Amino acid sequence: MIDLFPDPSQARRRKLVVENIGLLLSGRLEQPILDADTIVAVGGTITAVGKRADCDVEDADIVVDARGTTVCPGLVDGHTHPTLGEHSPRTDNHSWILHCLHGGTTTMISAGEVHVAGRPTDRVGVKALAIAAQRSFAAARPSGVKMIAGAPLLEEGLLEEDFRELAEAGVELVGEVGIGSVADVETARTMVGWARANGMRCLTHTGGPSIPGSRLMTAEEILAIDPDVIGHINGGHTAFAHSEIRCLCEGCSRAIEIVHNGNAFAALYALRTAAEMGQLERIVLGTDAPSGAGVPALGMLRLVAMLSSFGELPAEQVFCFATGNTARVHGLAQGIVAPDRPADLVVMDRAQGTAGRTLLDSVALGDLPGIGMVLIDGVPVLRPSRNTPPATTLPEARRRPG
Ligand SMILES: [Zn+2]
């Protein structure tokens with residue numbers, strides 16, 4: 001972690017100015033690139049985005065000089081499997097959230113705390129685990145990353161009142177439908193309805209079983225269950241036939257999730273299908289980590305580069321999938337650079353040695369950007385990334401003396 005601002009709680013009340021931005025990505029597909037070179041944030045919330053002359057940059061406590069590089073919203077990983085804190089038992093990953101932060105991820109969303117040893121499957125245990133996970137991550141952000149967790153799996157015996165109790169306790173999510181013991185589509189559909197009636201969001205396990213205990217869901221079953229997010233439409237790892245992927249995309253208007261730890265060929269098919277339909281706003285991204293494939297620390301960036309290069313989409317659009325699209329589907333304010341949004345930002349530049357002439361060119365060629373700095377709630381939390389290739393130009397940060 002950066003030591004320039006040793007007291008984050010104090011810094012969160014302070015004024016941040018990010019200046020000399022060469023390229024500002026908004027996170028919004030409607031306008032992915034903003035005509036602005038300056039961001040101002042107070043108390044962790046963006047107050048102004050524009051040309052420096054039009055922004056109040058006086059009396060800043062923290063000034064980040066982007067030195068002509070690119071600023072993007074912090075990446076939002078819509079599909080993770082946390083346990084508690086920084087350890088995951090699935091492939092014995094330690095500090096996995098920290099390493100993903102170094103890959104530009106500032107928010108993560110749980111798709112179920114599936115790797116907890118002895119994961120309870122009874123009513124009381126399911127609720128206890130979900131509430132414990134929600135409470136733990138709300139109270140202590142590992143490495144500063146915002147983890148939205150507490151995503152119970154659908155288990156036989158859960159009642160309508162259980163979803164009400166979970167929602168009242170602050171649990172917003174249901175984990176992957178298809179991993180818990182509920183195998184009957186009508187039961188799953190009923191429980192998803194109870195969850196939604198209480199304001200909770202649901203996603204499905206899509207494709208073949210990923211690990212022992214998960215099961216095959218067909219496209220027809222998923223459409224009947226009607227989740228908010230078609231979780232990993234490109235499988236985790238085993239994907240549907242392309243005809244079923246098309247059937248899912250065309251059969252509903254729900255979010256289409258593509259994950260890093262899935263089938264890349266199917267990912268590209270789903271992306272092209274959504275593009276053909278003119279519905280790229282439905283594409284949301286995640287890593288599906290930790291999983292049997294481990295934790296790709298740069299998974300979100302790798303997915304952006306893969307979808308932009310093989311998918312032949314402008315990089316600035318694909319960054320929107322990883323930021324504003326995913327945050328919007330989950331009702332989060334982050335992922336967009338605009339006033340009243342959290343100042344969760346990634347300062348990046350084209351990697352040293354890339355054939356791309358600009359950052360966007362380099363990503364469209366399949367290269368990863370070099371991350372120079374990550375800020376969460378207006379506070380620089382790392383500089384530079386220890387995991388990305390080195391950036392061509394690094395930002396500088398200074399603190400007002402005294
Ligand atoms: Zn998953």
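Thr107 stands opposite Lys146 in strand 10. Strand 9, residues 105-110, pairs with strand 10 in the parallel sense over 3 bridges. The model is predicted.

**The sheet**

Strands 8, 9 and 10 form an open sheet of 3 strands in the order 8-9-10, with parallel pairing. Strand 8 (75-80) and strand 10 (146-148) stand at the edges. Each has a single partner strand, so one side of each is left without a neighbour in the sheet. From one strand to the next, the twist averages 20°. Strands of a sheet pair through backbone hydrogen bonds, either parallel or antiparallel.

**The zinc site**

The zinc ion has His79, His81, Glu176 and Asp288 as its protein donors. They lie 2.0 to 2.3 Å from the ion. Along the chain the donors follow the spacing H-x1-H-x94-E-x111-D. One pair links distant parts of the chain: His81 and Glu176 are 95 residues apart. His81 sits in the loop between strand 8 and helix 2 (96-101), while Glu176 belongs to strand 11 (residues 173-177).

What are the angles among the 4 donor atoms of the zinc ion? They run from 87 to 176°, and the site is irregular. A tetrahedral site needs all angles between 85 and 135 degrees, so the upper value of 176° rules that class out.

**Burial of two donors**

Are His81 and Glu176 buried or exposed? The table gives the values for these donors.

| Residue | Relative accessible area | State |
|---|---|---|
| His81 | 2% | buried |
| Glu176 | 2% | buried |

Buried means under 20% relative accessible area, so His81 qualifies at 2% and Glu176 qualifies at 2%.

Conventions: Residues are numbered from 1 along each chain as its sequence is written. This is a predicted model: local features need pLDDT of at least 70, side-chain atom pairs count only at pLDDT 80 or more; totals for chains, interfaces and linings use all residues. Side-chain values use heavy atoms; hydrogens and water are left out. Two strands pair if DSSP finds at least two bridges between them. Helices (H or I, at least four residues) and strands (E, at least two) are DSSP runs, numbered from the N terminus. Axes are lines fitted to C-alpha atoms, for helices over the stretch in contact, and angles run from 0 to 180 degrees between N-to-C directions. Donors are N, O and S atoms within 2.8 Å of the metal (3.2 Å for Na, K and Ca); water is not among the atoms, so sites may look incomplete. Four donors count as tetrahedral if all angles lie between 85 and 135 degrees; four count as square planar and six as octahedral if opposite donors are over 155 degrees apart and all others between 65 and 115; anything else is irregular. Buried means under 20% relative accessible area, exposed over 50%, partly exposed in between (1.4 Å probe, protein chains only).
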